[in-house]
Amino acid sequence: MSGAVLRPIDPLILSQTRATFSLLVLLPLLVASKGWKRIRLPARDLAYCLLLGTLGVAVSNYFYYVAIQRTNVATAIIVQYTAPVWVLFYVVAHGQQKLSGQKVAAVALAVTGIALVINLVGGSSGFALRLDAYGIIAALLASFSFAFYNVAGHRILARYDRWRVLVWTLAAAAAFWLFVNPPWKIAAAHYASAQWLFLFVFSMISVLGPFSLYFLGLQHLEPTHAIIASCLEPVFSILLAAMLLGEVLRPIQTLGIIFVLAAIVIVQRPSRSVTEEAVVIEPME
């Protein structure tokens, strides 16, 4: 059987196991430390976390997956990373921040930088936009969901430590995936043990570690700042591909990286008005 060809891993399974394996590791660790009181939440805040995990994390991931299927990676990425625009609109519309040239410039640089990084401008035909109505709608829904995840996550993380919020967020995401892709469909895939080991390690590297750090960032950063910083994700993907896989980093991609870095620096600079950034935050439990 050593020469048997392994079945390719469905991206849907990849997305599902990321949340599920992370939950199966984190939940016992938290309960073992201080019992169930370590993760206990009032009913209202529990419902809030479940909403965050479903409409924020899981739905964003799901529609991003659909967008890639119906369009391509470049289209899905550039539409999803319009999320900083929606976050900026939200915080301004709700009076949490004032609209400033500094923030508009940072958002514009971040979105433009992503377009350059993924070769959307001046790249080969393989990176051209592929417009499909359902794919674009899915990518937009992923973008809105990502924006919601940042705004709602910041609000609840101002009151509770990140581990408590993260475990219920992962629980909601795992439940969502069980509904989308039930266990009998997973069993029918007949993945090899080596593939399950890869899925487990991948979930630790791509979800449990990064999400815990991102939640920590959301505790201390405004949603606009955090989501613009998240635009570094495709940047690091390109850099790692260049360093580890020998892929060529084109000049236009380098310019895109500079744009994203500039956006992060601009948005983190203190504004002239101290009151502009004032947000009421309740004490953390």
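This passage describes the salt bridges, one helix contact and one nonpolar surface patch of a predicted model.

Local features were required to have pLDDT of at least 70 and side-chain atom pairs pLDDT 80 or more, whereas totals for chains, interfaces and linings use all residues. Residues are numbered from 1 along each chain as its sequence is written, and side-chain values use heavy atoms, with hydrogens and water left out.

Side chains of opposite charge can pair when their charged atoms come close. The structure holds 3 salt bridges, a salt bridge being a side-chain nitrogen of Lys or Arg within 4 Å of a carboxyl oxygen of Asp or Glu. One of them pairs Asp161 with Arg38, with 3.3 Å between the closest N and O atoms. Asp161 lies in the loop between helix H6 (133-157) and helix H7 (162-180), and Arg38 in the loop between helix H1 (11-34) and H2, so this salt bridge ties together parts that are 123 residues apart in sequence. Helices are DSSP runs (H or I, at least four residues), numbered from the N terminus. Both Asp161 and Arg38 are buried, that is, under 20% relative accessible area, with exposed meaning over 50% and partly exposed in between (1.4 Å probe, protein chains only).

Asp161 also forms a salt bridge with Arg164, where the closest N and O atoms are 3.8 Å apart. Arg38, Asp161 and Arg164 are thereby joined into one network by salt bridges that share partners. Asp161 counts as buried because its relative accessibility is 17%, and Arg164 counts as buried at 12%.

A further salt bridge connects Asp45 and Arg159, with the closest N and O atoms 2.9 Å apart. This pair links distant parts of the chain, Asp45 being in helix H2 and Arg159 in the loop between H6 and H7, 114 residues apart. Asp45 has 7% relative accessibility and therefore counts as buried, whereas Arg159, at 26%, counts as partly exposed.

Helix H2 (residues 43-70) also contains Val66. Val66 is buried because its relative accessibility is 19%. The C-alpha atoms of Val66 and Ala138 are 6.3 Å apart in space, while the two residues are 72 apart in sequence.

Leu197, Phe200, Val201 and Ile205 make a nonpolar surface patch of about 370 Å². Such patches consist of residues with over 30% relative accessible area and no salt bridge, nonpolar side chains (Val, Leu, Ile, Met, Phe, Trp, Tyr) being joined within 5 Å; accessible areas come from the Shrake-Rupley method with a 1.4 Å probe. Phe200 is found in helix H9 (residues 193-220) and is partly exposed, with a relative accessible area of 33%.

Definitions and conventions:
Helix = DSSP H or I, 4+ residues; strand = E, 2+ residues; numbered from the N terminus. Patch = residues over 30% accessible without salt bridge, like charges linked within 9 Å, V, L, I, M, F, W, Y side chains within 5 Å.
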